[in-house]
Structure formats: C-alpha cells, structure tokens
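Colleague: I should like to take a close look at a single part of this model. Please begin with one pair of residues and then place that pair in its surroundings.

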Amino acid sequence: MYNKNIETLPLRELRALQNTRLTALVQRLYKTVPFYKNQFDVIGLSPNDINSIDDLHKIPFTKKTDLRDNYPYKMFAKPLNEISRIHASSGTTGKPTVVGYTKADLDVFDEVVARSLACAGARPGMKLHNAYGYGLFTGGLGIHGGATKLGMAVIPVSGGMTERQLTILQDFKPDMICCTPSYAQTLSEALIKNNIDSKDLAVKYAVLGAEPWTEAIRTQVEQGLNVSATNIYGLSEIIGPGVSQEDFEEKGTGSYIWEDHFFPEVVDRDTGLPLPYGEEGVLVFTTLTKEAFPVLRYWTNDICSINYDPNSKRTHIKMSSIKGRSDDMLIIRGVNLFHTQVEEVIHEFPSLSPIYQLIVEKKGIMDGVTVAVEVVSGVDVESLALKQQLIKKIKNSVGLTMGVMLKNPNSIPRSQGGKLNRIVDKR
Ligand code: DLL
C-alpha cells in the first residue's frame, strides 16, 4: 500500500476526518464561490447547518450545467494567480468543463494516483508505459504525476501511433501499462498481427479506465497482453484518474474510493434521494480537500453502487464498475439499455470477440437496436445458430429483441488511443 495509515484507517476515524474536512470546506465555499452562496441562500440553508457528512443531503446537487454556466473560472475557489494547472474535459456538446488545481491540489492528485497504481500492483523502481493522452485530458499528466511520486520511471508515450507503442513495449520493457480498455484491446490485437509473443514482454500490469468496460474486455486484454488488468476510475471535475482503483489481488470486488478526499453517495436517478449501500444509482461526489475547484455533491451521471467489503485489505468503501453514464443510457421501446449489458452477454460466447457496436435506428415508428459484433477468426459470420443464440441470450438478459450482425475480424473501428464510442445512433 502506498499510504497504509490512511488506506486502513478505522472507519470511525475516517468519518471524523471527513466531518472536519467537510465543515471547513462548506464555510470556505460559501464565502468564496458565489454559485455556492446562492445555492445555500435560495433554500435558506446556512453553512452552520452542515456539521457532518450526515448533513450532506441538505445541500443541493452541483450538475454539469452549473459548471457550464460558470465557464470558465467562476467555480474556482482560489484566485487565478494561485492556480498551478488547468485541465478541461470536452463534453459532447457546448463548451468544455474547465478545472483548476493549486500546488496543494496537485499534491493530492499525485497522492491518490500513487495509491491507485500501488493498488494495481506497481512498486517503486518499476517502469510505467503511460498511453493515456497528454494534454487537456487529465489522464496523461494525472497518471504521470502519481507514478513519479510512487517512484516509478514514467515513459510518457501518450495515446496513438500503435506501431511505436509496440516498439516501446518490446524495447523499453515497461512493467505496467496505463491506457483505455478499448486501446488495450487494440494493442492486444496489434501484438498478434505483428507476431509478437506477449510472453517476451516485461509488462505485468494494465491499469484501464476513462470509459466503461466489463469482464469481456478484461479476459481479452489479460490474455492478449499477458497482464493483470485492473480498473481505474475518475473524472476531471473531481480530480482526474485516481478517484477509485481496483486492487490487483481483489479483482471483481469493486474499486476503492479514496474517501478521505472524495466522499461518495449513490442517489436515485429520478428523485435524487440517497440510496442504501449496494443499490444502483447515480454516483455523487463531494471533494473534501480540493482548494481550487472543490465541488459539493457533484452529480457524475455515472451509474454504479457502493458498499463496504469486510474481506478487503483497506477500510475505504468500494464502488462497482460503472454500468454507463445515465445520459448515454438508451431507452429502447421503454427498456433502459447500457452497452455494457450487451458486452456482458457477448462474453458468454467464446466464438465472439468483445469488439462490437450498437447501431440504433428508427424501425417504422419504433427505435431498434442492432448489435454488430466480430466473430473470432475461423467462425462463420453466416452461422444462423450463433445469431439466434445471441438474440435469445440478449433478450433474456436485457429484455429486448435486437438485430444481430456477425462481422468478420477487423471490420469494426478500433480505438486509436483514447475513449471509444461503441454506439452509432442513426436516429
Ligand atoms: O476520464 C479521467 C480518467 C483518466 C479516468 C484516465 C481513468 C483513467 P474525464 O475525461 O473527465 O476524466 O471523463 C470522466 O469518464 O464520469 C465516466 O463516465 C468515465 N470513466 C472514467 N473512468 C471510468 C471507468 C477521465 N473506470 C468520465 N469506468 C466519468 C467507467 C469511466 N467509466
């Protein structure tokens, strides 16, 4: 563990720390950010009403639209001359969301990423191949800072130029690779195409995140790259990568949220009411220690559940993997659908690759979905039996009848380095 004291802090002490941090933050935000003063004033809430995290539910949510309305700097709680770095996340529509960090915020960023990488299997002295994009995206520089703090040698490859990535993997012999899961798929395939035996590489760990992924992709990447692959989660508005991380020895049991810095809630997506542990809803975060860009009850739009795991190494709460973003959820003939649900079904078929697209289009007055999915090499794309089995399993697990198009290997677009959109909406 990178910071054993904090990562194993007894829950009562963790709560005490969260309470102190939250009350101080609320007082400060009320004075420094007009948006938050207004949020409190309009409902007659005083900062003195917030004395512990049990009072959090009294505070209204902060949403992405609030950040847009305050573009670019009006949500900052520190003057611009105290800002050390600015990142932005490009939304699908409108202006990007701009986030700022003081020097102390960058220290927190490094700390949570260092914890995350150690949790994923990294040790000081190892070499890290960092294939997250460098730039306004928080992935590249965020991972870079934490890895440096942990004592790793960072190879700042950034995304794209797959041939060059392979050369670096072969010649520089990194122990760990960080990239999006879809790009890890691309790299796994590129090894095969170039006749490179993954056993000749030194890489042992892959830290994958920035987009939803399931066990289907874990299997492909672990086999293809000969690594142990874990999930890293985060978002620019909270800090970047390193909000939560899956432990390499506790795979499949969820990712630790570093809750001394980021306090999580899961709320009902329609009513906004807090849900009990274990129930699925929208993940909401309050940053407890950020200086430049703190947020109270930020509505991430990401769907998951949170729970304490009594059998785990650390005391911090775990989150399940993200099913999808609630604004990316498709509603097809009244049924809610995330692409990860289809990915999970594909995983049950050894003759299919987890390389697929969901094509959504109008069929008469109704919306219809077709799954275009690649078969593994040697499997017949005309196989009626395979098609029918897939249609049936999807219907049973998702509750929708979808069209199925079996495709030959290498016919569906791959990730070229960053996040991959698996939905083609033709409506
Ligand atoms: O994607 C930060 C990051 C970089 C995380 C590198 C992990 C690794 P944004 O560009 O602001 O920041 O996008 C944040 O991406 O709200 C989720 O919808 C999605 N996301 C991030 N990590 C995961 C994950 C970075 N592990 C948005 N699983 C978030 C599923 C993820 N979705």
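Which residue in β11 stands opposite F262?

Modeller: The structure is a predicted model. Within it, the residue that stands opposite F262 is T287, which belongs to β11. To place this pair, one may turn to the two strands concerned. Strand β11 covers residues 281-287, and 6 bridges join it to β10. The two strands run antiparallel. As a rule, the strands of a sheet pair through backbone hydrogen bonds, and the pairing is either parallel or antiparallel.

The next step is the sheet to which these strands belong. It is an open sheet of 4 strands, and their order is β10-β11-β12-β15. The pairing in this sheet is antiparallel. Its edges are formed by β10 (262-267) and β15 (324-325); each has a single partner strand, so one side of each is left without a neighbour in the sheet.

For context, we may look at another strand. Residues 176-179 make up β5, and C178 has its place there. Is C178 buried or exposed? Its relative accessibility is 0%, and buried means under 20%, so C178 counts as buried. Leaving aside residues up to four places away in sequence, C178 touches several others, among them L117, L128, H129 and Y132. I143 and V207 are also touched by C178. A further relation links C178 to G209: the two are 31 residues apart in sequence, while their C-alpha atoms are 8.3 Å apart in space.

Finally, there is the ligand. It is surrounded by 21 residues, of which the closest are N231, I232, S236, D302 and K419. By class, this shell has 9 nonpolar, 7 polar and 5 charged residues. Three distances describe individual approaches between protein and ligand. From a backbone N or O atom of P212 to a nitrogen atom of the ligand, the distance is 3.5 Å. An N or O atom in the side chain of N231 is 2.7 Å from a nitrogen atom of the ligand. For D302, a polar side-chain atom lies 2.6 Å from an oxygen atom of the ligand. On its own the ligand has 610 Å² of accessible area, and the protein covers 94% of this. Two elements give two or more residues to the shell around the ligand, namely α6 (138-150) and β7 (228-235). The largest share, 5 residues, comes from β7.

Technical notes:
Residues numbered from 1 in each chain as written. Predicted model: local features only at pLDDT ≥ 70, side-chain atom pairs only at ≥ 80, totals over all residues. Heavy atoms only, no water. Near = heavy atom within 4 Å. Polar contact = N/O pair within 3.5 Å; in protein donor to acceptor, adjacent residues only side chain to side chain. Areas by Shrake-Rupley, 256 points an atom, 1.4 Å probe, with all protein chains shown as cover. Nonpolar A, V, L, I, M, F, W, Y, C, P; charged D, E, K, R; others polar. Pairing = 2+ DSSP bridges. Buried < 20%, exposed > 50% of the residue type's maximum accessible area, 1.4 Å probe, protein only. Contact = heavy atoms within 4.5 Å.
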